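Thanks for coming. I have one structure to go through today, so please keep it up on your screens while I talk.

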Amino acid sequence: KIRECPFPPNVTLDPETAHPRLILSKDQKSVRWEYMLQESPDSPERFDADPCVLGCEAFTSGRHYWVVDVAEGQYCAVGVSKESLQRKAPVSFNPEEGIWAVQQWGFKNRALTSPPTLLNLPRVPKKIRISLDYEWGEVAFFDVENKIPIFTFPPASFAGERIRPWFWVELGSISLVR
């Protein structure tokens with residue numbers, strides 16, 4: 001059951017966190033992977049090892065959701081992460097490391113549990129709704145077009161930590177949808 005929040009946040013991508021292979025659109029609503037590394041100022045906020053980018057928004061309470069169009073993201077993952085996530089070294093994409101996400105790997109979909117959980121979905125989703133209920137510690141994913149649940153992580157304790165939208169793009173592009 002989806003617990004609704006009254007207004008979805010207007011999620012945008014944080015250019016300060018974007019890996020040098022990721023190109024953000026001017027409106028910070030879409031990101032694409034490029035083979036060539038971009039000139040990017042080094043900063044402690046920027047992902048260096050994995051092609052990730054965070055949303056600008058950070059949550060410490062409440063219920064929130066946003067929709068991501070993954071139709072052009074052949075190898076991508078969407079979800080949430082702790083703000084304290086390691087950015088200068090490779091990280092395992094799972095809740096133990098501070099990431100709750102689902103991944104599209106070609107025509108396969110999986111939840112990034114430890115180990116990953118293969119998802120037997122009727123089709124590859126084109127638009128994914130990410131729902132975060134901070135107090136319940138719940139992160140859930142839904143196929144927007146056919147309104148079916150994709151995966152819900154077991155309740156987590158975020159322990160007062162700031163939780164941010166998280167995106168990984170290895171090939172292709174993804175876009176945030178209002």
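Start at strand β7, which spans residues 108-111. This is a predicted model, so treat what follows in that light. One face of β7 is covered and carries N109 and A111. K108 and R110 sit on the other face, and that face is uncovered.

Now the neighbours of β7. On one side there is strand β6, residues 99-105, running antiparallel to β7 and joined to it by four bridges. Which residue stands opposite R110? That is Q103. β6 and β7 make a hairpin with two residues between the strands. In that hairpin, G106 has a positive phi, near 65°.

β7 is also joined to strand β8, residues 117-119. Here there are three bridges, and the two strands run antiparallel. N109, which we had on the covered face of β7, has L119 of β8 as its bridge partner. β7 and β8 form a hairpin as well, with five residues between them.

Let me step back to the sheet. β7 belongs to an open sheet of six strands, in the order β3-β12-β5-β6-β7-β8, with antiparallel pairing. At the edges are β3, residues 52-54, and β8, each of which pairs on one side only. On average, neighbouring strands in this sheet are turned by 20° against each other, direction ignored. As a reminder, strands of a sheet pair through backbone hydrogen bonds, either parallel or antiparallel.

Further along that order come β5 and β12. Strand β5 covers residues 75-82 and strand β12 covers residues 163-171. They run antiparallel, with eight bridges joining them. One pair to find on the screen is A77 and its bridge partner in β12, W168.

There is another open sheet, with seven strands. Its order is β1-β2-β13-β4-β9-β10-β11, and the pairing is antiparallel. What stands at the edges? Those are β1, 22-24, and β11, 148-152. Each has a single partner strand, so one side of each is left without a neighbour in the sheet. The average turn between neighbouring strands of this sheet is 25°, again with direction ignored.

Within the seven-strand order, β4 stands beside β9. Strand β4, residues 63-69, pairs with strand β9, residues 127-133, over seven bridges in the antiparallel sense. Y65 has S131 as its bridge partner in β9.

Next, a residue in strand β10, which runs over residues 138-143: D143. Is D143 buried or exposed? Its relative accessible area is 2%, and buried means under 20%, so D143 counts as buried. A polar atom of the D143 side chain lies 3.0 Å from the backbone nitrogen of E145. Setting aside neighbours within four places in sequence, D143 is in contact with R123, P125, K127, I148 and I150.

Last item, cavities. How many cavities of 30 Å³ or more does a search of the whole structure find? One. The largest cavity holds about 60 Å³ of space. Several residues I have already named line it, including A77, Q103, N109, L119 and I150. Also in the lining are V70, C76, V78, V102, Q104, L121 and I128. The elements giving two or more residues to that lining are β5 and β6.

To close, go back to N109: this residue is on the covered face of β7, is bridged to L119 in β8, and is part of the cavity lining.

Technical notes. Residues numbered from 1 in each chain as written. Predicted model: local features only at pLDDT ≥ 70, side-chain atom pairs only at ≥ 80, totals over all residues. Heavy atoms only, no water. Buried < 20%, exposed > 50% of the residue type's maximum accessible area, 1.4 Å probe, protein only. Pairing = 2+ DSSP bridges. Axes fitted to C-alpha atoms, helices over the stretch in contact; angles between N-to-C directions. Polar contact = N/O pair within 3.5 Å; in protein donor to acceptor, adjacent residues only side chain to side chain. Contact = heavy atoms within 4.5 Å. 1 Å grid on protein atoms, 1.4 Å probe; cavity = no way out; pocket = protein on both sides within 12 Å on 5 of 7 lines; lining within 4 Å. Points joined across faces, edges and corners; volume = space filled by probe spheres on them.
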